[in-house]
Amino acid sequence: MSTTIGTTAVRLTAGTITQYLASRAGLDKDRRKAILLRAAPVWDGPALLSWGNQQARVATAGSPLAAYELVLAHVAPGASGPGLLVVLTDREESELGADLLARVHKHRVNAVDTWDVVREAFGAQYTDPRLSAENWAVEALLDAQPPGRWPQLGKGVLTRRHALAALALRRLGAGQYDPDREAGSSGGAGGGIELDAHTLLRWSLSSGGPDRFLALRAPERAGLTRFLGEEEQAGLTGQAVLALTAAEHGPDAVAFGLVCAALWVHADGSADTGDYQARGRAERWFGEDPPVHGEAMDALARAFGRAAEEFVVVLLQIAHSGTDEEADRARRLSATVLARATALTRQFGAERAAGTSPVLTAGLDATFKVLGLALTDDAPRRTERAIQRLTQHRLARTPDVRTRIERARMAQRLALWLASDPTHECPTVAGGIDRHLAETGWVDLALEHIEAGGDPVAELRVAYAALCTAVRARRKEIDRHFASALATWTASGSGAGSMLTVESFLSRVIAPAAEAGEHRVLLVVLDGMSAAIAAELGEELRRDWAEFDPLPGVKDAPRRRGMVAALPTVTAVSRTSLFAGRLLAGSQREERALVGEHAFWGGRKMAVFHKDDLRAETGGDVFGPKLDEALAAGRTHVAVVLNTVDDRLAKEQKLGDAAWRLRDIGGLRELLQTAARYGWAVVLTSDHGHVVDRHGERVDAETPLSARHRVPGGPLRESEILLSGPRVVSPDTKGSIVALWDADSRYTAHRAGYHGGASLAEVAIPIMAFLSFGATPPKGWRELGRQHPAWWSPAAESEPEASTPVPHHVPAKQTAKSTKQRRHEAARVAAGEQSLFEMAIVADGEQALLKPRPVAPGDTLVPALLSSELFLAQKDALARKPDLVKIEKALRELLDAGGTLPVTALAQRVGITPLRADGFSAVLRQLLNFDGIQVLETLPDGRTLRLNPTLLREQFELR
């Protein structure tokens with residue numbers, strides 16, 4: 001469709017004619033008039049045109065006679081139809097004659113200056129000369145005009161950018177025009193129109209979007225392609241997207257962009273022949289006439305690939321931000337794009353390059369493969385690098401991938417534990433219990449996470465299998481030696497000494513706290529909780545609570561304590577012994593009655609509640625009425641037995657999910673909330689642990705008493721041990737039982753897990769004590785630091801890959817990074833997780849050998865920060881000077897917690913009231929965040945802070 005008006009007649013559209021008529025004065029609707037317009041005598045539009053309350057009929061005249069007949073018929077007396085006739089003719093006035101011209105409007109053939117119409121449609125006074133040169137745009141702008149008019153510019157200049165961007169938005173449906181933003185721009189510069197690369201990529205995924213582009217006439221497609229491909233608009237990405245759309249690949253543009261990023265960006269430094277062949281196949285997807293060739297094509301593919309990755313990363317961030325409609329849509333779109341990109345990778349033969357992508361699933365799988373090989377080769381530095389790459393992958397936050405990465409971390413931890421050559425010796429029961437709480441319980445936790453799911457990558461499956469086999473063999477030897485020590489101690493009948501036992505727990509741990517009177521005590525007995533479960537729950541609880549060593553009167557360093565269960569390690573014996581304060585078998589009835597007989601409650605009561613007491617009677621209640629009453633009473637200590645762990649071992653196959661979270665244990669969260677509200681001291685413990693059956697074999701027994709112990713008699717198998725003495729509460733067998741110490745053995749039918757045996761996981765009972773942050777602890781309670789072993793958080797930094805430059809500190813005067821570059825690096829670094837510890841060189845033992853030991857990051861990083869010139873300048877710039885003591889404590893708490901803490905939890909630890917928590921976090925952000933770098937960010941939930949130590953070092957130029 002031609003759009004110029006001059007001496008050559010052109011075809012006019014309905015929009016052009018309507019706009020022209022609407023802008024003409026003197027077209028009185030009450031008089032019949034005819035108007036001649038210079039145009040090609042071709043009309044395929046509607047017979048009648050309407051504007052306002054007027055109408056006109058359109059006709060064509062290819063000859064002077066035809067024009068004459070049309071005009072005479074229209075103005076003849078009694079003629080019907082609309083009062084205005086528009087005649088399209090290409091005849092010159094000299095051909096038409098004076099007689100005809102005397103009967104038409106203005107007595108001439110009128111030429112339509114369509115730019116006048118366009119300018120008036122936008123409410124502009126002037127037209128940008130660069131826009132006038134775009135001949136194709138004039139009819140397109142009139143034809144695409146929305147109902148009414150284009151948003152008005154207020155007599156300014158109609159610029160090329162504004163007009164063509166508005167046209168693109170209207171034609172493609174690629175975005176929205178924002179008149180409020182436009183009102184703030186000068187001269188119609190297009191400030192209210194956003195048409196960047198991400199807008200165009202989003203448009204390519206919209207339903208019918210690419211089809212709208214293909215439906216345009218060829219000159220308009222070509223003009224919009226040139227405009228959107230300009231650097232001020234969507235740039236190279238615009239060229240790529242519209243070329244793909246013209247080649248009928250528009251809906252796959254984003255997915256194809258991810259493949260381009262893999263081929264031209266991430267695999268560029270290591271590209272092989274197969275990659276270059278894949279590039280050639282990919283280039284043909286741009287169509288028979290691609291927008292560029294040669295090196296220019298490489299530049300386009302790189303820019304397009306980066307833009308597509310950035311767009312998908314934003315989608316993933318939105319997808320992880322919540323569960324609202326926008327997040328749901330982002331999840332669907334990102335999943336669709338990634339699946340299609342995987343298919344295109346296979347289509348182009350780009351599988352190797354895809355393995356380098358930080359966005360594609362293939363990049364994850366390739367890194368998991370590298371991790372598997374590193375674990376198989378026992379290469380800790382390669383293992384650490386692989387895990388760092390996994391945590392930095394853009395899919396790392398998706399639930400399934402997060403589980404796989406956590407499993408990989410567990411494997412790394414087990415490999416490090418094995419590398420430490422742990423001894424299997426266990427001279428004493430007390431030593432075995434202490435070690436289990438500090439070390440082997442964490443081993444069991446990591447082992448259970450791996451065995452709960454494995455991995456779909458073959459190399460990693462093989463590595464996991466070998467690693468788990470080695471760990472289980474070492475753990476088996478440790479259990480063997482512990483069972484031997486347990487049998488010796490039990491048979492000797494000697495006392496426990498300073499070792500905590502289940503029957504001494506109330507008198508030595510709970511009674512002193514209750515007698516102090518500073519806090520009411522909430523004792524939660526998680527029936528069957530092992531040290532492994534306690535380790536995992538403890539990590540979660542420490543985000544919102546301060547943990548303490550609750551054993552008073554001891555000289556050793558504070559730590560998470562453990563105690564020895566009664567034998568056999570079954571509920572009827574060990575839990576009753578706990579509440580009775582002596583070795584005894586019984587039931588819930590005895591537990592309630594016996595606990596009240598103790599003299600150490602100091603005039604107060606200790607009320608015990610079991611599973612049925614938690615059942616609420618109405619929808620508004622949290623617990624049953626008796627438990628609610630006890631919690632509200634002013635002088636009653638409360639003990640609650642929760643059976644979730646034991647019940648799931650018996651009735652559910654909780655084998656596909658090894659994690660035990662707060663939400664998995666019914667009633668626990670609500671109990672803790674009540675305790676926090678009233679300032680109670682909370683103690684979590686168990687009556688015995690358990691073993692999980694993943695490789696179990698049934699052992700024949702004539703008279704099993706439980707899944708893990710039997711009546712004595714007959715030869716002992718390798719997996720069994722004889723236990724006898726006063727700790728064995730089994731009158732029917734005269735204080736003697738045979739118990740299984742091997743965690744992979746059982747006497748009864750298959751279930752998810754068992755207890756009753758003599759393994760460390762069953763005999764060792766964990767004890768955890770908590771108070772709200774800032775609360776005054778009972779006398780003798782000592783606050784704990786992090787409780788996991790050193791190998792749980794690998795601290796030594798890995799050596800970089802040979803192809804990766806070693807990062808080093810650059811003084812401020814030597815760096816030339818722009819704010820934009822720093823923001824880009826910040827976004828890249830923020831995806832990874834920071835190490836919880838740094839390394840210090842310290843003297844080791846009598847030999848004073850220098851070796852790396854983990855130290856808390858706050859011990860080195862925080863002092864360096866507080867003394868840095870940049871930090872002091874930030875502090876001085878604040879209108880109100882902050883309390884540096886609280887700032888220092890807050891930073892140490894964040895670093896000690898791994899970087900993440902709820903706002904209220906941080907305030908409590910620092911000693912700030914909840915009402916001032918948000919204000920304090922705002923001051924922290926003002927101090928740490930500048931130049932657009934989010935060193936301290938608020939997570940999408942709006943209540944959690946996350947500190948990035950790497951960005952903190954970079955921001956303040958710390959070594």
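A cavity, in the sense used this morning, is a set of grid points where a 1.4 Å probe fits but cannot get out. With that in mind, let me turn to the structure before you, which is a predicted model.

Two cavities of 30 Å³ or more are present in this structure. I shall speak about the second largest, which holds about 30 Å³ of space. Which residues line the second largest cavity? They are His436, Leu437, Gly441, Trp442, Ala531, Ala534, Ala535 and Arg560. By class, five of these lining residues are nonpolar, two are polar and one is charged. Two helices, helix 22 (429-451) and helix 25 (531-541), each contribute at least two residues to the lining. Helix 22 provides the largest share, with four residues.

I now move to a second region, strand 18. Is strand 18, residues 736-740, largely enclosed or open? Strand 18 is largely enclosed by the rest of the structure, because five of its five residues are buried. Buried here means under 20% relative accessible area. On one side of the strand, Ser736, Val738 and Leu740 are buried, and on the other side Ile737 and Ala739 are buried, so that both faces are covered.

Finally, the partners of this strand. Strand 17, residues 720-724, pairs with strand 18 in the antiparallel sense over five bridges. Within strand 18, Leu740 stands opposite Glu720. Strand 16, residues 709-710, also pairs with strand 18 in the antiparallel sense, over two bridges. Here Arg710 has Val738 of strand 18 as its bridge partner. Val738 is thus also one of the buried residues I named a moment ago.

Thank you for your attention.

Notes:
Residues numbered from 1 in each chain as written. Predicted model: local features only at pLDDT ≥ 70, side-chain atom pairs only at ≥ 80, totals over all residues. Heavy atoms only, no water. 1 Å grid on protein atoms, 1.4 Å probe; cavity = no way out; pocket = protein on both sides within 12 Å on 5 of 7 lines; lining within 4 Å. Points joined across faces, edges and corners; volume = space filled by probe spheres on them. Nonpolar A, V, L, I, M, F, W, Y, C, P; charged D, E, K, R; others polar. Buried < 20%, exposed > 50% of the residue type's maximum accessible area, 1.4 Å probe, protein only. Pairing = 2+ DSSP bridges.
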